[in-house]
Amino acid sequence: MPADFNGYWKMLSNENFEEYLKALDVNIAVRKIASSLKPDKEIIQDGNHMTIKTLSRFKNYIMDFEIGTEFEEDLTGVDGRTCMTTVTWDGDKLVSVQKGEKNNRGWKHWIEGDKLHLELTCEDQVCHQVFKKIK
């Protein structure tokens with residue numbers, strides 16, 4: 001059985017986020033606002049169906065998907081793009097591959113103790129975020 005990601009998670013750290021946003025060609029004003037935020041995550045996992053909500057005072061982003069099924073992800077509120085996304089299990093890690101205009105784009109989620117780790121990649125940039133489970 002894969003890891004249980006269900007819960008509400010509060011951001012503790014966010015390393016190299018602005019460089020990651022630069023690799024996505026996000027404009028400087030949005031980068032500055034986004035870099036100042038500490039979003040929460042709410043994850044609802046029901047079998048192979050997942051909903052990941054990224055919640056902040058600036059903008060919320062909701063991903064709703066089936067593990068292993070490619071879908072069109074609307075990222076227009078993030079970087080003005082859409083991409084074809086597939087999320088799969090790699091052991092206890094959730095791994096997302098996002099195919100579109102940018103190379104090497106995707107993310108990985110994994111849990112260590114009461115911490116949720118998120119590694120975001122785009123081209124040669126890697127951002128590492130850590131969240132603590134609060135409920």
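These notebook entries follow what I looked up in one predicted model, starting with its sheet and ending with a loop residue.

**Ground rules.** I number residues from 1 along each chain as its sequence is written, and I keep to heavy atoms for side-chain values, with hydrogens and water left out. Because the model is predicted, local features need pLDDT of at least 70 and side-chain atom pairs count only at pLDDT 80 or more, while totals for chains, interfaces and linings use all residues.

**The sheet.** I looked up the strands (DSSP runs of E, at least two residues, numbered from the N terminus) and their pairing (at least two DSSP bridges between two strands). I found an open sheet of 10 strands in the order 4-3-2-1-10-9-8-7-6-5, with antiparallel pairing. Strand 4 (61-66) and strand 5 (71-75) stand at the edges with a single partner strand each, so one side of each has no neighbour in the sheet. On average, neighbouring strands of this sheet are turned by 25 degrees against each other, direction ignored, where the axes are lines fitted to C-alpha atoms and angles run from 0 to 180 degrees.

**The two edges.** At one edge I noted five bridges between strand 5 and the antiparallel strand 6 (residues 81-90), and Glu72 stands opposite Met84 in strand 6. At the edge formed by strand 4, six bridges join it to strand 3, again antiparallel, and a hairpin through five residues links strand 3 to strand 4.

**Phe65 and the core.** I then turned to the largest nonpolar core, a set of buried Ala, Val, Leu, Ile, Met, Phe, Trp, Tyr and Cys residues joined through side-chain atoms within 4.5 Å. It has 27 residues, of which Tyr20, Phe65, Val87 and Trp107 touch the most other members. Elements giving two or more residues to this core include helix 1 (17-23), strand 3 (49-55) and strand 4. Met50 stands opposite Phe65 in strand 4, and Phe65 also has contacts (heavy atoms within 4.5 Å) with residues including Phe71 and Val87.

**Thr51.** In strand 3 I checked Thr51, which counts as buried (under 20% relative accessible area, 1.4 Å probe, protein chains only) because its relative accessibility is 11%. Its side chain makes a polar contact of 2.5 Å with that of Asp64, the term meaning a donor and acceptor pair of N or O atoms within 3.5 Å.

**Phe58.** Lastly I looked at Phe58, in the loop between strand 3 and strand 4, which at 42% relative accessibility counts as partly exposed, that is, between buried and exposed (over 50%). Beyond its neighbours within four places in sequence, Phe58 is in contact with Ile33 and Leu37.

Note on methods
Helix = DSSP H or I, 4+ residues; strand = E, 2+ residues; numbered from the N terminus.
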